[in-house]
Amino acid sequence: MAPPSAVSPQRTASSDKPSAAVPHEPGISESKAKVQMPKFPGPPEFTDKHAERDYLKGRLAAAFRIFGKYGFDEGVAGHITMRDPVQPDTFWVNPFGVAFSLIKKSDLIQVDHEGSIVDGGPVRLLNAAAFMIHGAVHKARPDVLCAAHSHSIYGRSFCSLGRKLDMITQDSCSFHNDHVLYESFNGIVLAEKEGNDIAACLGDKKAALLQNHGLLTVGGTIEAAVFWFLSLEKCCQAQLAADAAAGGRGHTTIKIDDDDAAFTYKTIGTPRAGWFSAKPLFDVIEKESGADYLQ
């Protein structure tokens with residue numbers, strides 16, 4: 001049997017009465033409820049846009065190394081883009097055909113909204129699908145610095161179900177009312193209309209489940225877009241496993257209450273939380289690679 005505190009609020013004094021203001025911790029005292037999470041630090045700020053560009057290109061190269069480490073590359077599919085701070089109507093992207101795990105800052109290519117390569121590394125090949133999807137997203141969402149898309153195994157598996165995520169774990173609450181389902185698949189995205197339709201469906205959300213295709217995440221920082229992608233991939237994996245386990249027993253998963261999910265989102269689903277949550281990923285890839293992606 002579980003200890004009493006696990007099943008019912010404990011009252012030791014009137015000042016320790018359970019607080020209804022903290023729905024994710026039933027029975028916590030009002031005094032303890034006032035203890036706040038520390039404020040997250042934020043990304044560096046720049047006055048020199050060229051210095052900012054150089055820094056962000058290094059972070060974008062690191063992002064590809066992270067995707068490569070987690071197996072989000074398959075052949076030549078997948079792309080991450082970064083809006084250029086010097087020329088905001090252009091973005092940087094991986095050259096077509098270069099492995100994620102080998103990408104360096106000097107390999108990245110700069111593309112305008114006409115699909116022309118205006119600067120970059122020695123391999124100046126552009127993935128047309130990358131331009132169609134990301135170009136449309138960057139044009140429609142001036143708040144988006146970075147967009148990430150790849151054909152990850154659990155993401156594309158979940159996207160075959162034609163449904164959004166259920167709020168069944170704390171982590172899934174990061175996407176509470178902040179992701180969409182794009183209910184169309186017309187082959188490889190090579191048409192401008194398809195890219196515009198994806199951008200329109202995404203709206204002001206941070207993630208999209210592209211039916212029969214894969215995941216798309218965006219962020220006001222490279223780190224946030226990368227973390228949301230990894231987290232969404234794991235949420236898809238968790239739901240696939242949980243649905244299978246529950247279904248095998250003739251049951252369904254237990255869903256998190258809407259109010260509790262919204263409360264949790266305010267802590268773990270914000271842009272700053274996304275940026276900070278990615279810090280360990282970038283720290284580890286720098287250590288493991290010797291930061292050779294900065295070349």
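1. A disulfide is taken here as a pair of cysteine sulfur atoms within 2.5 Å. By that criterion, a search of the whole structure returns 0 disulfides. Cys173 takes part in none, its nearest cysteine sulfur being that of Cys235 at 8.8 Å, and Cys236 is likewise too far for a bond, because the closest cysteine sulfur, in Cys159, lies 6.0 Å from its own.

2. The model is predicted, so local features require pLDDT of at least 70 and side-chain atom pairs count only at pLDDT 80 or more, while totals for chains, interfaces and linings use all residues. Residues are numbered from 1 along each chain as its sequence is written, and side-chain values use heavy atoms, with hydrogens and water left out.

3. Cys173, at 1% relative accessibility, counts as buried, and so does Cys236, at 0% (buried: under 20% relative accessible area, with a 1.4 Å probe and protein chains only).

4. The largest nonpolar core (buried Ala, Val, Leu, Ile, Met, Phe, Trp, Tyr and Cys residues joined through side-chain atoms within 4.5 Å) has 45 residues, and Phe67, Ile222 and Phe282 have the most contacts inside it. Among the elements that each supply at least two of its residues are helix 3 (49–69), strand 5 (146–150) and helix 10 (279–289), whereas helix 7 gives the largest share, 10 residues; helices (H or I, at least four residues) and strands (E, at least two) are DSSP runs numbered from the N terminus.

5. Leaving aside residues up to four places away in sequence, Phe67 touches, among others, Phe72, Ile80, Phe100, Val226 and Phe229, where contact means heavy atoms within 4.5 Å. A second, separate core of 14 residues includes Val180, Tyr182, Ala208 and Leu216.

Terms used
Buried means under 20% relative accessible area, exposed over 50%, partly exposed in between (1.4 Å probe, protein chains only).
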